[in-house]
Amino acid sequence: MREGPGRMESTEFLVVGCGPAGGTAAREAARRGIATVVLERDPIVGAKRVCAAGLRPGFCEEFDLPRSIVHLDPSTITLTTVKRTYAFKVGPSHTTTREELDGTIGALARGEGAEIRTSTLFRGLRRDGDQVVVEYADMKEGTRKAIRARSVFLAQGSSARLDDVEPRFRHPAWADGLITCFQYRVYPERPAAERTYDTLEMHYYVSPLSGRNVIAWMFPKRDHLAIGLGIQAKVAGAALRAELDAFLVTVRQRLFAGIPYTVREEGNLLYGGLPRVTIGADNVMVGGTAAGLVDATTGEGIHEAATSGRYAAEAAATVHAGGARDAAPGYARAVRRAFYGRLRHRARLMTVLERKPVRFDILFRQLEETPRFAALLQRDRNDFTPLEWLYLYAQAAKFGLSALRA
Ligand SMILES: Cc1cc2nc3c(=O)[nH]c(=O)nc-3n(C[C@H](O)[C@H](O)[C@H](O)COP(=O)(O)OP(=O)(O)OC[C@H]3O[C@@H](n4cnc5c(N)ncnc54)[C@H](O)[C@@H]3O)c2cc1C
């Protein structure tokens, strides 16, 4: 980073947001010797993130993270509808908390030499030749600042408002894809039923209170249970609380009836629509949830976010080494190849399922009867062999026919 009298401060790689996308990008770019600055709105990295924080099997190994952040390794995931519960073997998956995940990635990024500026709020950017000038508010000093960068990675999550930042990133469907989420961290005074700690629970139902489709979850942690829900619409706080209280009653009856508990409330937005069409333009890249990289059927996006951060660091490294003038095209290609096919299918599938919720049972029964189908769908990437594709299309056709008849 350079700053001279009368000169604007500059860096090589500027990252906005220190979630899994931004933190991973910063860590991996700094590790490659690229001068990296991160702007993070929160005063403490990860402290305010609301998330069930379930990680894909192998996540810590893939992103070289210490196992100490893992709370539990549930080996079962259950998918529950109003009719019944379907159980599947996974992983083992990991659960953690975002203060530990984001905080650890942030600390490792700092260890590699990245500078993370907390309490800084990204405001906008402008082009200056083949460089990008990023404007931000330093909330500690109460001043507005600017920094020049060769490559920029925007990873500010579901709150990203990119329409005014860069017209090419406009995504008119963004507002419709937003999911209002509310979660309780439930701290039982004694351990809950034993099976609680080996199971990730997902629930799909139509709310008897509002008639809206709800996705709810119970993810166990070392010392608490993350019990929450999301509704794909803007829902007022009181209505959301009523929905969650009703769900909590059902979880409590099954898992910790009669055990006193305390609760910490958390609310946040998530995005669950189609991925953003354009995620790279003139050395500016968009990643993680800001790019719409979330699985609409489960709300998962941490793996996609971290992977997009990795690709952004690789693209910035190519520019650093003189292999390209613009990091954006290579980055966008890599992210699309890895995720767009699956995420688009998932967003469309969720629309089909929610239109007639009985279809959830058709799908889950089919997954139960064909473990190979279930295993293929659990894969993060679309790196299937031609035979696997054929098998998947046959299963999709089977589901499509049954769903149409429903
Ligand atoms: C309730 C809930 C439960 C979830 N459960 C799971 C789960 O179990 N497993 C899973 O894989 N995914 C889950 N997700 C999705 C997951 O949280 C996201 O996919 C993931 O956080 C995306 O990471 P990210 O880095 O793109 O964005 P974020 O994690 O949202 O990080 C964005 C960062 O940018 C910062 N920021 C925002 N605006 C600015 C600004 N203007 N200037 C500077 N900094 C800014 C924020 O403070 C934040 O630190 C869940 C989401 C929700 C809401």
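Where is the place of threonine 289? I looked it up and found threonine 289 in the loop between strand E17 (284-286) and H6. I keep in mind that this is a predicted model.

**Entry 1: threonine 289**

Next I asked: is threonine 289 buried or exposed? I counted 27 C-beta neighbours inside 10 Å of threonine 289. The cut-off for buried is 20 or more, so threonine 289 counts as buried. Then I listed its contacts, leaving aside neighbours within four places in sequence. Threonine 289 is in contact with Gly157, Ser158, Tyr271, Val294, Gly301 and Ala305. I also took one long distance. Serine 68 is 221 residues apart from threonine 289 along the chain, and their C-alpha atoms are separated by 25 Å.

**Entry 2: the ligand shell**

Which residues come nearest to the ligand? I found 38 residues around the ligand, and Gly17, Gly19, Gly157, Gly288 and Gly301 come nearest. I sorted the shell by type. It divides into 18 nonpolar, 15 polar and five charged residues.

I then looked for the elements behind these residues. Helix H1 (20-31) and helix H6 (302-320) are among those that each supply at least two residues of the shell. Strands E8 (120-128), E11 (178-188) and E15 (261-271) each do so too.

Why does the ligand lie between two domains? I noted that domain 1 (9-50 + 99-174 + 275-339) and domain 2 (73-92 + 176-271) both give residues to the shell, so the ligand lies between them.

**Entry 3: the domains**

I wrote down how the protein is divided. Besides domain 1 and domain 2 there is domain 3 (343-405). Over C-alpha atoms, the centres of domain 1 and domain 3 are separated by 32 Å. How many residues of domain 1 are in contact with domain 3? I found eight residues of domain 1 in contact with eight residues of domain 3. On the domain 1 side, the touching residues divide into five nonpolar, two polar and one charged.

**Entry 4: the sheet**

I traced an open sheet of seven strands. The order is E5-E4-E12-E13-E14-E11-E15, and the pairing is mixed. Which strands stand at the edges? I found E5 (85-89) and E15 there, each with a single partner strand, so one side of each has no neighbour in the sheet. Neighbouring strands are turned by 15° against each other on average, direction ignored.

I reminded myself how such pairing works. Strands of a sheet pair through backbone hydrogen bonds, either parallel or antiparallel.

I started with E4 (residues 76-80). Five bridges join E4 to E5, and the two run antiparallel. E4 and E5 form a hairpin with four residues between them. E4 is also joined to strand E12 (residues 199-206) by five bridges, and this pair runs parallel. Threonine 76 shows both pairings: it stands opposite lysine 89 in E5, and its bridge partner in E12 is threonine 199.

I moved on to E11. It is joined to E15 by 11 bridges, running antiparallel. One bridge partner pair here is threonine 180 with leucine 269 in E15. Seven bridges join E11 to strand E14 (residues 225-231), again antiparallel. Here phenylalanine 182 has leucine 229 of E14 as its bridge partner.

**Entry 5: the faces of E4**

Which side chains of E4 are buried? I found Ile77 and Leu79 pointing to one face and buried. Thr76, Thr78 and Thr80 point to the other face and are not buried. This alternation is the general pattern. In a regular strand the side chains alternate between the two faces of the sheet.

**Entry 6: leucine 225**

I picked leucine 225, which lies in strand E14. Leucine 225 has 26 other C-beta atoms within 10 Å, so it is buried. Not counting residues up to four places away in sequence, leucine 225 touches Val186, Ala192, Thr196, Met218 and Pro220.

**Entry 7: two positive phi values**

Most residues other than glycine have a negative phi. I looked at two residues with positive values. Phi of aspartate 282 is near 45°, and phi of asparagine 283 is near 70°. Aspartate 282 sits in the loop between strand E16 (280-281) and E17. Asparagine 283 is found in the loop between E16 and E17 as well.

Are they buried or exposed? Aspartate 282 is partly exposed, because it has 16 other C-beta atoms within 10 Å. Asparagine 283 has 26 such neighbours inside 10 Å, so it counts as buried.

Definitions and conventions: Residues numbered from 1 in each chain as written. Predicted model: local features only at pLDDT ≥ 70, side-chain atom pairs only at ≥ 80, totals over all residues. Near = placed C-beta within 6 Å. Nonpolar A, V, L, I, M, F, W, Y, C, P; charged D, E, K, R; others polar. Domains from an automatic or database assignment. Pairing = 2+ DSSP bridges. Axes fitted to C-alpha atoms, helices over the stretch in contact; angles between N-to-C directions. Contact = placed C-beta atoms within 7 Å. Buried ≥ 20, exposed ≤ 12 C-beta atoms within 10 Å, placed from the backbone.
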